[in-house]
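This report was prepared for a reader who wishes to see how the side chains of one model are arranged. The sequence and coordinates are shown first.

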Amino acid sequence: MGVSTLHRKESDGQHTYHVVPVEDATGETYPHTFEETADGIEYRGAGEPGDIDERDDAPASAVSQLEAYTGESPADA
C-alpha cells in the first residue's frame, strides 16, 4: 500500500490531501493525512480527511514515505 492523493471539494474550496499508510508495532495499518497548503505540505493527523485524530507530530515513517512520493518535506515535520 502506498501514498494516496485525494482532491476534495469542501465549503471553503478544493483541498488536496496525501494519505500515508503506516504500520505500527502490532502490525495494524493506520492512515496519516497531510494537506497541500499555500505554505507547503502540512501534517493534519491520523485518519482519513474528514475523520482526523489531530496529533502534533507525524510518524517519521509517514514523513519519509511522503518525501519519497512528493519530493518535498512537510512544512511541520
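The sections below treat the helix, the nonpolar core, a strand pairing and the salt bridges in turn.

## Helix H1 and its surroundings

The model is predicted. Helix H1 spans residues 60-70, and its buried residues are Ala62, Val63 and Leu66. Viewed along the axis of H1, these buried residues fall within an arc of 100°, so they line one face of the helix. The face of H1 turned away from that buried side carries Ala60 and Ala68, both of which are exposed.

What do the buried residues of H1 pack against? Their partners are three strands: S2 (13-23), S3 (29-37) and S4 (40-48). Just after H1, Gly71 adopts a positive phi of about 80°.

## The nonpolar core

In soluble globular proteins, nonpolar side chains tend to be buried together. The largest nonpolar core of this model has ten residues. Ala62, Val63 and Leu66 belong to this core, together with Val3, Val20, Val22, Phe34, Ile41, Tyr43 and Ala46. At least two residues of the core are supplied by each of S2, S4 and H1.

Val22, a member of this core, has several contacts beyond its sequence neighbours. When neighbours within four places in sequence are left aside, Val22 is in contact with Glu28, Thr29, Tyr30 and His32, as well as with Ser61, Ala62 and Gln65. Among these contacts, Ala62 is also a buried residue of H1.

The structure holds one aromatic pair. A pair of aromatic rings is described by the distance of the centres and the angle of the planes. Phe34 and Tyr43 form the pair, with 5.1 Å from centre to centre and 55° between the planes, and the arrangement is tilted. Phe34 counts as buried because its relative accessibility is 0%. Tyr43, with a relative accessible area of 6%, is likewise buried.

## Pairing of S1 and S2

Strand S1 (residues 4-10) runs antiparallel to S2, and seven bridges join the two. Within this pairing, His7 stands opposite Thr16 in S2. S1 and S2 form a hairpin, with two residues between them.

## Salt bridges

Side chains of opposite charge can pair when their charged atoms come close. How many salt bridges does a search of the whole structure find? The search finds four. The table lists salt bridges with their N to O distances.

| Acidic residue | Basic residue | N to O distance |
|---|---|---|
| Glu10 | Arg8 | 3.6 Å |
| Glu35 | Arg44 | 2.8 Å |
| Asp53 | Arg55 | 3.6 Å |

In the bridge formed by Glu10 and Arg8, Glu10 has a relative accessibility of 25% and therefore counts as partly exposed. Arg8, at 32% relative accessibility, is also partly exposed.

The bridge of Glu35 with Arg44 joins side chains in unlike surroundings: Glu35 counts as buried, at 9% relative accessibility, whereas Arg44 is partly exposed, at 29%. The value for Glu35 falls in the buried class because that class covers residues under 20% relative accessible area. Glu35 and Arg44 are also linked with Glu42 in a network of salt bridges.

Asp53 and Arg55 form a further salt bridge. Asp53 is partly exposed, at 43% relative accessibility, and Arg55 is partly exposed with a relative accessible area of 43%.

Note on methods: Residues numbered from 1 in each chain as written. Predicted model: local features only at pLDDT ≥ 70, side-chain atom pairs only at ≥ 80, totals over all residues. Heavy atoms only, no water. Buried < 20%, exposed > 50% of the residue type's maximum accessible area, 1.4 Å probe, protein only. Helix = DSSP H or I, 4+ residues; strand = E, 2+ residues; numbered from the N terminus. Arc of directions from axis to C-beta. Contact = heavy atoms within 4.5 Å. Core = buried A, V, L, I, M, F, W, Y, C linked by side-chain atoms within 4.5 Å. Phe/Tyr/Trp six-rings, centres within 6.5 Å; stacked < 30°, edge-to-face > 60°. Pairing = 2+ DSSP bridges.
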